[in-house]
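Student: I am new to this structure and would like a close look at one part of its interior. Could you walk me through it step by step?

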Amino acid sequence: MRLVFVTHSFSPPDRPLANVGGMQRVAMELDAALQRKQSNEFSYDAILLVASWKWIHVLVAPFLIKTFFSLRKRIKRGEVDVIVFSSMVTAWLALPLRKLLKQHGVRVASIVHGLDVTTPNALYQKVVPHIFGALDIVLPVSGPTGEACVERGLPPAKVRVVNNGVELDRFPPFEMRAGARASHPFRSDLPKDAILLTSVGRQVKRKGFAWFIEHVMPRLPEHVHYWLGGDGPEGDAIQSAIDANHLGNRVRLLGRLGDAQLTNLYQSADLFLMPNIPVPGDMEGFGIVMLEAAMNGLPVVAARLEGIKEVITVGKNGYFVESGDITGYTDRIVTLDLDRTSLGALSDSSRAHVAETFGWDAVAEQYLEHLS
């Protein structure tokens, strides 16, 4: 099988923070995993738009035009068997290439992450079913994402769900001994008995960060702190929630973090939070940050919502709370705070469970099985 992977979501190698979100992380790590899978029976090539987030919206149109001609040439020369698009943004190329693809027996597939199919734009939503019609296989990152595709006209027979993965050697080893997190230098100014909660991600409404700060943090004990990594359009709303509830001494906005800072945050915190709330037209397709946290022994407390439901195995790498359940979040966090032994055991099991279930080499193998 000769596979070509097309993505517009690749970060500059010398500036990895310039364009990294869940979709970008998938593109980069899947590309690396597929490169490792090459053999006499499988060859791999990629067409990449390497750009920062600042420029990607300017460069994507010329990239797609250039990619159209490149793919047309490869198809006509008989150089490709399968084309995989990294999202619906690039998958629209299947429309103008549709006739040529069928003539040459080239199969075409697209990964779907969530927002790339649910974007509430009337014109975009009119085009989505036509793109589905030009694809042979659709690879949603979760069951709920697949359901969102079917609701928009995708025949169920085309759906092949493949969860996202995590690069197992991306993070350095962490200290597993009791008390190691409490003594981590990254949290040196916190009391020794503090419980440190953290969230990492683009600060948008569906993440529920402002909601959690406003409704849950005031009900938690004073020694419970919450640090957030990332930025985004909800930054002002989050800061307003901090100010209105006088939580400036317990809630910190860390901004966008480099790999070393992110590792320090994961390895010094006690619990990772995904307090998502439902937002029409904007869904959580999966939640890669939960896998990253678990690889650093950080268990998750998360909303039982959308693609998040496929990341957590209760008691192995975390627990669910119903979205918007203030008492549920409060009780779960307080319970784990009072039973530090159980919290330590959950930390130990989180890394083992995620490494076994979501390692990229195993996930890439699932892709190849569906595409063969």
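Student: Are tyrosine 266 and phenylalanine 272 buried or exposed? Please start there and follow the contacts outward.

Tutor: Happy to, and please keep in mind that this is a predicted model. Both tyrosine 266 and phenylalanine 272 are buried. For tyrosine 266 the relative accessible area is 0%, and a residue counts as buried when that value is under 20%.

Let us look at the rings next. A pair of aromatic rings is described by the distance of the centres and the angle of the planes. The structure holds nine aromatic pairs. In one of them, phenylalanine 171 and tyrosine 266 meet edge-to-face, with 5.8 Å from centre to centre and 80° between the planes. This pair links distant parts of the chain: phenylalanine 171 sits in the loop between α7 (143–151) and β6, tyrosine 266 belongs to helix α10 (residues 259–268), and the two are 95 residues apart. Phenylalanine 171 is buried as well, with a relative accessible area of 7%. Tyrosine 266 also pairs with phenylalanine 272; their ring centres are 6.1 Å apart and their planes stand at 55°, so this pair is tilted.

Now widen the view to the core. The largest nonpolar core has 56 residues, and Leu3, Tyr266, Phe272 and Met290 are the ones that touch the most other members. Helix α11 (residues 288–295) gives the largest share of this core, seven residues. Apart from this core lies another one, of 37 residues, including Phe63, Ile83, Leu101 and Leu135.

Leucine 3 leads us to a helix. Leaving out residues up to four places away in sequence, leucine 3 touches Leu34, Phe42, Ser43, Tyr44, Asp45, Val82, Val84, Leu368 and Leu371. Leu368 and Leu371 are among the buried residues of α14, together with Trp360, Val363, Ala364 and Tyr367. These residues cover an arc of only 145° around the axis, which puts them on the same side of α14. Here a general point helps: an α-helix has 3.6 residues a turn, so residues three or four places apart point the same way. The elements covering the buried residues of α14 include β1 (2–10), α1 (22–36), β3 (82–85), β4 (107–112), β5 (137–140) and α13 (340–358). The length of α14 can be checked too: at 1.5 Å a residue, its twelve residues (360–371) should span 16 Å, and the end C-alpha atoms are 16 Å apart, which agrees.

A second helix, α12, rewards the same kind of look. Its 13 residues (326–338) should span 18 Å at 1.5 Å a residue, and the end C-alpha atoms are indeed 18 Å apart. At its N-terminal end aspartate 325 acts as a cap, with a side-chain oxygen 3.3 Å from the backbone nitrogen of threonine 327. Buried in α12 are Gly328, Tyr329, Thr330, Ile333, Leu336 and Asp337. They pack against β6 (195–200), α8 (209–215), β9 (271–274), β10 (300–303), β11 (318–321) and α13.

Tyr329 opens two last paths. Ring pairs join Tyr329 with Trp211, Phe212 and Tyr226 in a cluster. Tyr329 is also one of the contacts of alanine 303, along with Met274, Pro275, Asn276, Ile308, Phe320, Val321 and Ser323, when neighbours within four places in sequence are left aside. Alanine 303 lies in strand β10 and is buried, with a relative accessible area of 0%.

Conventions. Residues are numbered from 1 along each chain as its sequence is written. This is a predicted model: local features need pLDDT of at least 70, side-chain atom pairs count only at pLDDT 80 or more; totals for chains, interfaces and linings use all residues. Side-chain values use heavy atoms; hydrogens and water are left out. Helices (H or I, at least four residues) and strands (E, at least two) are DSSP runs, numbered from the N terminus. The expected span of a helix is 1.5 Å times one less than its number of residues. Buried means under 20% relative accessible area, exposed over 50%, partly exposed in between (1.4 Å probe, protein chains only). The arc is that of the directions from the helix axis to the C-beta atoms. Contact means heavy atoms within 4.5 Å. A polar contact is a pair of N or O atoms within 3.5 Å; within protein, one must be able to donate a hydrogen and the other to accept it, and residues adjacent in sequence count only if both atoms are side-chain atoms. A nonpolar core is a set of buried Ala, Val, Leu, Ile, Met, Phe, Trp, Tyr and Cys residues joined through side-chain atoms within 4.5 Å. Rings of Phe, Tyr and Trp (its six-membered ring) pair if their centres lie within 6.5 Å; planes under 30 degrees apart count as stacked, over 60 as edge-to-face and the rest as tilted.
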